[in-house]
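This report walks through a single protein chain with its ligand, going from the general layout to individual residues. Please keep the sequence and the model in view while reading.

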Amino acid sequence: MPKTHIVIAGIEKVIPSMTDLALFWPLLATFGTGQRITSYSTIITGPKQPGETDGPEEMYVLLLDNGRTNMLANEKTREALYCIRCGACLNACPVYKNIGGHTYNTTYSGPIGSVITPHLKPMKEWKHLSHASSLCGNCTEVCAVKINLHELLLENRHEAQQAGYAPLPKL
Ligand code: SF4
């Protein structure tokens, strides 16, 4: 381990208690890779304690807001914060399956990326992602935590239009 361990995570990554891992850990594994438990999860409980031989000497956890409390305040978009980043919606999305993740040019790709990115970055520049969808609903159907993804893509389009970023064409 490094001497100083710094964790950077969005505020939505916090779960009520260690006990809740009994639900979230297998949920992530099953919907992400089809396994009962993932091989890429690690439990770290803090810095090395007196008498312990392994672990960092110092540990810091930085919780990022970066637009997330705005999503929380929005009754329609807050459910997107339930996401556990399992990736099931990406694998089910016909657009993602054809263009891949890099094309979205942002940290979070696929249906959930198209939903949350315009709220984590300026809507004006990222509203186009909400149109990267056929609205087939595959993403909503497979979502591990039942986020209404295709409806939220429509909500983003609505919010962009209301904000004057996507004016309707003049006939
Ligand atoms: S939106 Fe649902 S399916 Fe997509 S990554 Fe998040 S939890 Fe998984």
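## Terms and basis

A residue is called buried when its relative accessible area is under 20%, exposed when it is over 50%, and partly exposed in between, with a 1.4 Å probe and protein chains only. Helices (H or I, at least four residues) and strands (E, at least two) are DSSP runs, numbered from the N terminus.

This is a predicted model, in which local features need pLDDT of at least 70 and side-chain atom pairs count only at pLDDT 80 or more, while totals for chains, interfaces and linings use all residues. Residues are numbered from 1 along each chain as its sequence is written, and side-chain values use heavy atoms, with hydrogens and water left out.

## Overall layout

The secondary structure of the chain consists of 8 helices and 2 strands, and from the N terminus the order of these elements is β-α-β-α-α-α-α-α-α-α. The C-alpha trace spans about 75 × 30 × 30 Å along its principal axes. Of the 171 residues in the chain, 33% are buried.

Contact here means heavy atoms within 4.5 Å. Among the contacts in the chain with a separation of 6 or more, 62% are between residues 24 or more positions apart.

## Helix 5 and its surroundings

Which residues of helix 5 are buried? They are G110, P111, I112, G113, S114, V115, I116, T117, P118, H119 and L120, so that 11 of the 11 residues of this helix are buried and the helix is mostly covered. These buried residues pack against helix 2 (68-73), helix 3 (88-92), helix 4, helix 6, helix 7 and helix 8 (149-162).

V115, which lies in helix 5, has a relative accessible area of 2% and therefore counts as buried. Leaving out residues up to four places away in sequence, V115 touches A80, L149, L152, L153 and N156. The C-alpha atoms of V115 and R157 are 9.8 Å apart, although their positions lie 42 residues apart along the chain as a separation in sequence.

## W126, Y104 and the nearby loops

W126 belongs to helix 6 (residues 123-126) and is buried, because its relative accessible area is 15%. Apart from its neighbours within four places in sequence, W126 is in contact with Y104, N105, T106, T117, P118 and K121. By contrast, W126 and P16, which are 110 residues apart in sequence, are 32 Å apart in space, C-alpha to C-alpha.

Two of these contact partners of W126, Y104 and N105, can be described further. Y104 is buried at a relative accessible area of 3%. N105 is found in the loop between helix 4 (94-99) and helix 5 (110-120), where its relative accessible area of 59% makes it exposed. N105 also has a positive phi of about 55 degrees although it is not a glycine.

Rings of Phe, Tyr and Trp (its six-membered ring) pair if their centres lie within 6.5 Å, and planes under 30 degrees apart count as stacked, over 60 as edge-to-face and the rest as tilted. By this rule the count comes to 1 aromatic pair. The pair is formed by Y96 and Y104 and is tilted, with 6.2 Å from centre to centre and 35 degrees between the planes.

The loop between helix 6 and helix 7 (138-142) holds L135, a residue other than glycine whose phi is positive, near 60 degrees. L135 is partly exposed, with a relative accessible area of 28%. K127 is found in the loop between helix 6 and helix 7 as well, and at 23% relative accessibility K127 counts as partly exposed. Not counting residues up to four places away in sequence, K127 touches A160, Y165 and A166.

## Ligand site

Which residues are closest to the ligand? The ligand is surrounded by 13 residues (each with a heavy atom within 4 Å of it), and the closest are C83, C86, G87, C89 and C143. By class, this shell has 11 nonpolar, 1 polar and 1 charged residues, where Ala, Val, Leu, Ile, Met, Phe, Trp, Tyr, Cys and Pro count as nonpolar, Asp, Glu, Lys and Arg as charged, and the others, Gly among them, as polar.
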